[in-house]
Each structure stands twice: as C-alpha cells, then as structure tokens.
Amino acid sequence: MNSDGNLVFQKQTVMKIDAGAMAHNVQVIREKIGNAQLIAVIKENGYGMGLEREYTILKKLNIDFFAVTNAEEAFALRRFGCDADILLMSPSFDRDEALRLLQNNIIFMLGSMKQATLLKKLSEETGLTPRVHLAIETGMGRYGFLWNQLPNLSALPSFLKIEGCYSHLSGKPAGYEKEARRQQSRLLSACEALKKQGIDPGIRHICNSAATMSLGTLGLEAVRCGSAILGKCARGGARLKNAVWLEAPVCLVAELPKGSTVGYQACAVLNRDSRLGLIRAGHGDGIMLGYADNPEPLIHGIIHLIAVKLLKKRYQKTVLVTGKHNGKKARVPYIGRSGVAHVMIDLTDTPFAEGDIVQFNVNPLFVHPSISKDIIKE
C-alpha cells in the first residue's frame, strides 16, 4: 500500500510490443485491400497497450484515419497531437460531450433520430457542421438504423455532413463468408435507399480484421482493422506477425517424481520424473484468459473433449522459452492449471533453467494495466 492508499502491484511480467511487426502487418493489410482506406481501430485504451503508445506507433504507418468507441479516447488522441480524422463508433447522447466532440472535429456515428435531433440543435447553436458516418444495423443488433426500415433522412444534409455509411459484422462462425456477404448486401441495399432520398452514403465499410484478411474489402471503400494490426486475427492471418506478447523469467525449477500432482485440483499427474519451471505469472497478468458467451452445444463439447484426449499434441498449450545465456529457443507445454499468479511448465527434455525467459501469447485487452510495457523498435 503506497502513501495515498492505493494498492501497488509489482509484476515480473513485461508486455512486449513489436513496432516492426505492426508495420509489417499494416503493409500486409494494405496489399489485401488495394486502394481502399484503412481505418485503424484503437479502442479500449489501444487494445490494452496504452492509447498514446499505440497511436505513437501507428501515426508513422500512413493510417488513413482512426476509430475509437469512447469519447474520452477521441479527446485523448487530439491531446496527443492527432490531427487525422477520428471516428467515434458509439453514440453520444450527452449534450456537453457531443459539443466537445463537435468542437474537436470528431466524426460522429449516427444511428438514430434522437442523435440527429441533438446534432441539429448543436449545429444551430454553434454554426458548426457535424461530420457523421451513418450506422446501419444489418445483423449485429447494436447500433444503427435498420437496413430495411430507414426513416426519411433527406433533411440531414441541411445541417450535417454525411461522409460515410457502415455496419458491423456479427462474425457468425457457421457459414462465416455467407453471413458476411448477406450483411454486406443489406448495407448496400440501405445505401441504395439513401441515394433515393438524395443522400450520398460516402465511403462504405463493414469489414473488421477477420473479414478483411479472409474476404478483402467486400467491394467497399474502407475497412476497419484492430486485431489484425497486432497480428491477432481470427481468420486469414497467416502472413501477419504477432506484435504483442508477455515475457517473464523462470523463477524456480523443481524436480518432482513420477506420480506427483501439479496445480489446482491436482488435475495434472506426472507420468515420469520431471523438471518443472515455475513462473510468477498467471490469470492476474492476462495469461490463459479468453472469452466465450455460452458453452459449446453438448455434441460439439463431447467431440472436442474426445479430440483433446486423442490428439494431445495438437491441442496442448505451449509457451516459447529462450535461454538467457545461450539464446536457444524451444516450445514447452504447460503443466496443470494456471493460477492467478503462477503457472508451471515442463522443462524435462530441455536445458532451460532459472532466469530463462518465457514468452506467453496473450490478448493484450486482458493484460493487467500495472504491467510495464516495452516497445521493440524496428
């Protein structure tokens, strides 16, 4: 506990951020999208890396413009010196916040008449013209005008500037491409309806990282990429380089006999005499965390459990270890369940020892904010 009463965390882990890998990934994306615009999504505090830190890297990579999901992130980018276009991809209904967004030349997402009424009032009061991208609901169920029930929007161009039109892909796993193209078709249908109202939809975009890397632009003028820039794309990311990971040293090597149990719930039983490495890192650092809204359907879950049992090597989770003195590298498996602050790895068939460095592939969004960051420059 420090002098102001706040808890202080001291972690052995370090988040490594490879600026060169991010530059490589942007180039790969550029090759994929041709002349389309690249909107870099740097939401949620720069995907956990720190907003200013990620922006500082990306501003050198010829990004067309940026997108965030929180008004404070948009204001922060302006404070960091960002003079590029910034799209706020969530609605602002608070008058004072919307006024600041307007004064800071932030592009609004506009997806309801309630928002339109607020922007009209602000335009009349300030003489400023709000810039917007129209949000169209095509299957995600969050924000936007329903694609097939557009209200009469013909009056909008009298008090604001419509510069784009976009939607969000739901990412439905089954029939991914078919669903993506169905939502794209709905967006195009909405754009045609807008044209009939005398509205130019501007640049159109629907593809996120996974869609961009697997399907390209889907014929539209821009794409929105966040995870692909970090090399963490769920689909089509074979050419991307991992740009963010955690590192921590092996703090202890233990010799345990055959039959010993390891970790919580004693779920791992050693089938041979083993050398195990202990690392002071775990869930509390962001390791071995993921998300799933619902469990798999019963039949899928059973099949998965059988596959894990029969194909252990394929499904075995591993980490990369680098010898601190000899520079040798090898992947070794986890042993037992990860804890909040510790994980165990199997070093039996390796020369690795205390002090050697373990690399964990993580989603940076889940990494504890107290962990220090180290940018690897080109």
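This dialogue goes through the cavities and the cysteines of a predicted model.

Biologist: How many cavities of 30 Å³ or more does the structure hold?

Modeller: A cavity is a set of points where a 1.4 Å probe fits but cannot get out, and in this predicted model there are two of 30 Å³ or more. The largest has a volume of about 60 Å³, while the second largest has a volume of about 30 Å³.

Biologist: Which residues line the largest cavity, and which strand gives the largest share of that lining?

Modeller: The lining of the largest cavity is formed by Ala135, Ile136, Glu137, Met140, Arg142, Tyr143, Tyr166, Ser167 and His168, and strand β6, which spans residues 131-137, contributes the largest share with three residues. Sorted by character, that lining comprises five nonpolar, two polar and two charged residues.

Biologist: What lines the second largest cavity?

Modeller: Around the second largest cavity one finds Leu169, Ser170, Gly171, Lys172, Tyr176, Glu179, Ala180 and Gln183, a lining that divides into three nonpolar, three polar and two charged residues.

Biologist: How many disulfides are there by the distance rule?

Modeller: A disulfide needs a pair of cysteine sulfur atoms within 2.5 Å, and by this rule the count is zero. Cys82 is in no disulfide, since the nearest cysteine sulfur, that of Cys225, is 17 Å away; Cys82 also counts as buried, at 2% relative accessibility.

Biologist: Why does Cys233 form no bond with Cys225?

Modeller: The sulfur of Cys233 lies 7.5 Å from that of Cys225, its closest cysteine sulfur, and this is too far for a bond. Cys233 is buried, with a relative accessible area of 16%, because buried means under 20%.

Key
Residues are numbered from 1 along each chain as its sequence is written. This is a predicted model: local features need pLDDT of at least 70, side-chain atom pairs count only at pLDDT 80 or more; totals for chains, interfaces and linings use all residues. Side-chain values use heavy atoms; hydrogens and water are left out. On a 1 Å grid over the protein atoms alone, a cavity is a set of points where a 1.4 Å probe fits but cannot get out, and a pocket is an open set with protein on both sides within 12 Å along at least five of seven lines; lining residues have an atom within 4 Å of a point. Grid points are joined across faces, edges and corners, and a volume is the space filled by probe spheres set on the points. Helices (H or I, at least four residues) and strands (E, at least two) are DSSP runs, numbered from the N terminus. Ala, Val, Leu, Ile, Met, Phe, Trp, Tyr, Cys and Pro count as nonpolar, Asp, Glu, Lys and Arg as charged, and the others, Gly among them, as polar. Buried means under 20% relative accessible area, exposed over 50%, partly exposed in between (1.4 Å probe, protein chains only).
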